[in-house]
Amino acid sequence: MKLRHPDILFSLIQAASPLQVKYADEHKIFVGMLPKNVSDAEVSGLFSQYGTVKDLQILRGSQQTSKGCAFSKYETREQAVAAIEAINGKHKMEVVCCLPIPLTYNVMS
């Protein structure tokens, strides 16, 4: 007799590419290679280490998932440059997703 166990969700951490950070204009920087499931709090937490983030815009698609890029505006140009120098090509954000694993139990009777 075979008994089927319900699917179980687990977290899988995938390899991520280093973030790409470039100067956009004024005090604004462009951030690329963000994970699809990134939150505003995660991005803000990372970039606020280098100065006062005045505005953060994560570009999102119709499903509200990240399109993989954002713009972050700092109070000063020096703060924007500090973020670029510290993060560009050096920092990776973990990509965590949930996948179902089908389990089957074989029971001998």
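**View 1. Ser-66, tucked away in strand 5.** In this predicted model, Ser-66 is buried, with a relative accessible area of 2%. That falls under the 20% cut-off for calling a residue buried, so the label fits Ser-66. The residue lies in strand 5, which covers residues 66-74. What does the side chain of Ser-66 reach at 2.8 Å? Its partner in this polar contact is the backbone nitrogen of Gly-68. Setting aside neighbours within four places in sequence, Ser-66 is in contact with Leu-34, Pro-35, Lys-36 and Val-38. Ile-58, Leu-59 and Arg-60 complete that list for Ser-66.

**View 2. Ser-39, across from Ser-66.** Look for Ser-39 in the loop between strand 3 and helix 1. Is Ser-39 buried or partly exposed? Ser-39 counts as partly exposed, because its relative accessibility is 27%. With near neighbours in sequence (up to four places) left out, Ser-39 is in contact with Ile-58 and Arg-60. Ile-58 and Arg-60 turn up among the contacts of Ser-66 too. How far apart are Ser-39 and Ser-66 in space? From C-alpha to C-alpha the two serines are 8.4 Å apart, with their positions 27 residues apart in sequence.

**View 3. Thr-76, in the loop leading to helix 2.** Thr-76 lies in the loop between strand 5 and helix 2. Here 26% relative accessibility makes Thr-76 partly exposed. The Thr-76 side chain reaches the backbone nitrogen of Gln-79 at 3.2 Å. Put His-27 in the frame as well: Thr-76 and His-27 are 5.7 Å apart, C-alpha to C-alpha, though 49 residues apart in sequence.

**View 4. Strand 3 with its partners, strand 2 and strand 5.** Start with strand 2, residues 20-25, which runs antiparallel to strand 3 and is joined to it by five bridges. Two pairs are handy for finding your way: Gln-20 stands opposite Gly-32, and Val-21 stands opposite Val-31. The hairpin made by strand 2 and strand 3 has two residues between the strands, and Glu-26 takes a positive phi near 40° there. Now turn to strand 5, which pairs with strand 3 through five bridges, again antiparallel. Which residue in strand 5 is the bridge partner of Val-31? That would be Ala-70.

**View 5. The largest nonpolar core.** This core has 17 residues, and the ones that touch the most other members are Leu-19, Val-21, Ile-29, Val-31, Leu-34 and Phe-47. At least two core residues come from each of strand 3 (28-32), helix 1 (40-47), strand 5 (66-74) and helix 2 (77-87). Which element gives the most to the core? Helix 2 does, with four residues. Zoom in on Ile-29 and, past residues up to four places away in sequence, you'll find that it touches Val-21, Lys-22, Tyr-23 and Ala-24, as well as Phe-47. On the list for Ile-29 there are further Ala-70, Phe-71, Ser-72 and Tyr-74, plus Ala-80, Ala-83 and Ile-84.

**View 6. Stepping back to the whole chain, and where to be careful.** The protein chain has two helices and six strands, arranged β-β-β-α-β-β-α-β from the N terminus on. Of its 109 residues, 25% are buried. The chain exposes about 7200 Å², and carbon and sulfur atoms supply 54% of that area. Taking contacts between residues at least 6 apart in sequence, 66% join residues at least 24 apart. The average pLDDT is 78, and 72% of the residues score at least 70. Where is confidence lowest, and where is it highest? Strand 1 (residues 2-14) sits at the bottom with a mean of 41, while strand 4 (residues 53-60) tops the chain at 95. Residues 1-15 have a pLDDT below 50, and that stretch has 38 contacts in the model beyond near neighbours in sequence. Residues 98-107 fall below 50 as well, with 27 such contacts in the model.

Note on methods. Residues numbered from 1 in each chain as written. Predicted model: local features only at pLDDT ≥ 70, side-chain atom pairs only at ≥ 80, totals over all residues. Heavy atoms only, no water. Core = buried A, V, L, I, M, F, W, Y, C linked by side-chain atoms within 4.5 Å. Buried < 20%, exposed > 50% of the residue type's maximum accessible area, 1.4 Å probe, protein only. Contact = heavy atoms within 4.5 Å. Areas by Shrake-Rupley, 256 points an atom, 1.4 Å probe, with all protein chains shown as cover. Pairing = 2+ DSSP bridges. Polar contact = N/O pair within 3.5 Å; in protein donor to acceptor, adjacent residues only side chain to side chain. pLDDT = per-residue confidence, 0-100.
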